[in-house]
Structures are given as C-alpha cells and as structure tokens.
Amino acid sequence: MKSEPSECSIDDALAAPGSMVPWTGVRNYQARNFLRDQMHVGDGVLFYHSSCAQPGIAGIAQIASEPYPDPSQFDPRSKYFDAGSKAADPRWILVDVRAVRKTRLVSIAELRAQKELADMLILRRGNRLSITPVTPGQWRIITRRLLAGQS
C-alpha cells in the first residue's frame, strides 16, 4: 500500500491512536477492487512511501478492519470528494490499517534487483496503483531476506 509521507507516513501511522489509520482517498477502481476483494483483517501490508525523495517500503502493517465506505467521498471540502458517489451506493471504500513496525527503507531499485520479484505488480513499468497485491512468496522474500538485511 502506497502513501505519500506528507499525507501519512509510517511514523504518522505508528503515532496514531492504536497505531491505526483509515486508508482514505483510494480513487482508482482496480485499487479499490484489490482493497475490497482481496484484503482481509490480519493480512500483512508493506507500507510503501511514494512521491517523495526516497520512495520505498518503509514499514510493515496489517489490515485492521473490513472494508467500509470512505467518508471523504461525501465531504465537499475534501480533495477526495466525489459528487457522483451516493451514501446509498458508495463508490469508494477504505480499510483501517494498523502499523506494526518501521523498517529500513527498501528502495524500488533494491526490489528490482531481486530476480524472484520480477513479476511483482508494483515493479511493472508505468504502474501507478496505490494498492497492489503481493504473493506469499514475494512477502517472504521481502520480509525475510530484504528486511532482515540479507541480499
């Protein structure tokens, strides 16, 4: 899950009450579908900082709630407001994410250097999705090898 650190960093998430933040602002249908259909309470999350000086995996988190309507879609003052979304049939959802721990930064270049991660969706050229699935094998490589300091 990508977040701009200026909006919500791993440090912000860890400092939040219960280390939990609502993952607001998803406005891409494919990312929303990943969120809605493939994420479940307790699933691990690679907390990725994007659109910053040093993008990369900055922490580990987990899904802490079932999907529910993103209230920002109904707030005309929000940059995530969607006038076409209706309370009776909301277009956009969110989940609560609980930060588990901050990690060393694992850059996109470091991820690309791992041949076993070549099929990772986030590594595809032109990928702009804020939420992408990670296979169990990819999770193991990242958490056991890269985050444990082995390469």
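Which residue in β4 is the bridge partner of V45? The partner is A61, and this little match is a good way into the fold. Before we go on, note that this is a predicted model, in which local features need pLDDT of at least 70, side-chain atom pairs count only at pLDDT 80 or more, and totals for chains, interfaces and linings use all residues. Residues are numbered from 1 along each chain as its sequence is written, and side-chain values use heavy atoms, with hydrogens and water left out.

Let's start with the sheet. Strands here are DSSP runs of E with at least two residues, helices are runs of H or I with at least four, and both are numbered from the N terminus. Two strands pair if DSSP finds at least two bridges between them. Five strands make an open sheet with mixed pairing, in the order β1-β3-β4-β7-β2. At its edges lie β1 (2–3) and β2, each pairing on one side only.

Now look at β4 and its neighbours. β3 and β4 run antiparallel and are joined by six bridges. Together they form a hairpin with six residues between the strands, and S51 in the turn has a positive phi of about 50°. β4 also runs antiparallel to β7, this time with seven bridges. Across that pairing, I63 stands opposite V97, while I57 has V106 as its bridge partner. How enclosed is β4 by the rest of the structure? Largely so, because seven of its eight residues are buried, where buried means under 20% relative accessible area, exposed means over 50%, and partly exposed lies in between (1.4 Å probe, protein chains only).

Next comes helix α4, residues 136–146, where Q138, I141, I142, T143 and L146 are buried. A general point helps here: an α-helix has 3.6 residues a turn, so residues three or four places apart point the same way. The buried residues of α4 pack against β3 (44–49), β4 (56–63), β7 (96–107) and α3 (108–112), with contact meaning heavy atoms within 4.5 Å.

Aromatic rings are our next stop. Rings of Phe, Tyr and Trp (its six-membered ring) pair if their centres lie within 6.5 Å; planes under 30 degrees apart count as stacked, over 60 as edge-to-face and the rest as tilted. The whole structure holds two such pairs. The rings of W23 and F47 have centres 5.3 Å apart and planes at 80°, so this pair is edge-to-face. W23 sits in the loop between β2 (20–22) and α2 (29–38), and F47 in strand β3, so to speak 24 residues along the chain from each other. Both W23 and F47 are buried. In the other pair, Y29 and W92 have ring centres 4.7 Å apart and planes at 35°, so they count as tilted. This pair links distant parts of the chain, 63 residues apart: Y29 in helix α2, and W92 in the loop between β5 (68–69) and β6 (93–94). Y29 is partly exposed at 42% relative accessible area, whereas W92 is buried at 4%.

Finally, the cysteines. A disulfide is a covalent bond between the sulfur atoms of two cysteines, and the rule used here asks for sulfur atoms within 2.5 Å. The count comes to zero. For C8, the nearest cysteine sulfur is that of C52, 13 Å away. C8 is buried, with a relative accessible area of 15%, but C52 is partly exposed, at 28%.
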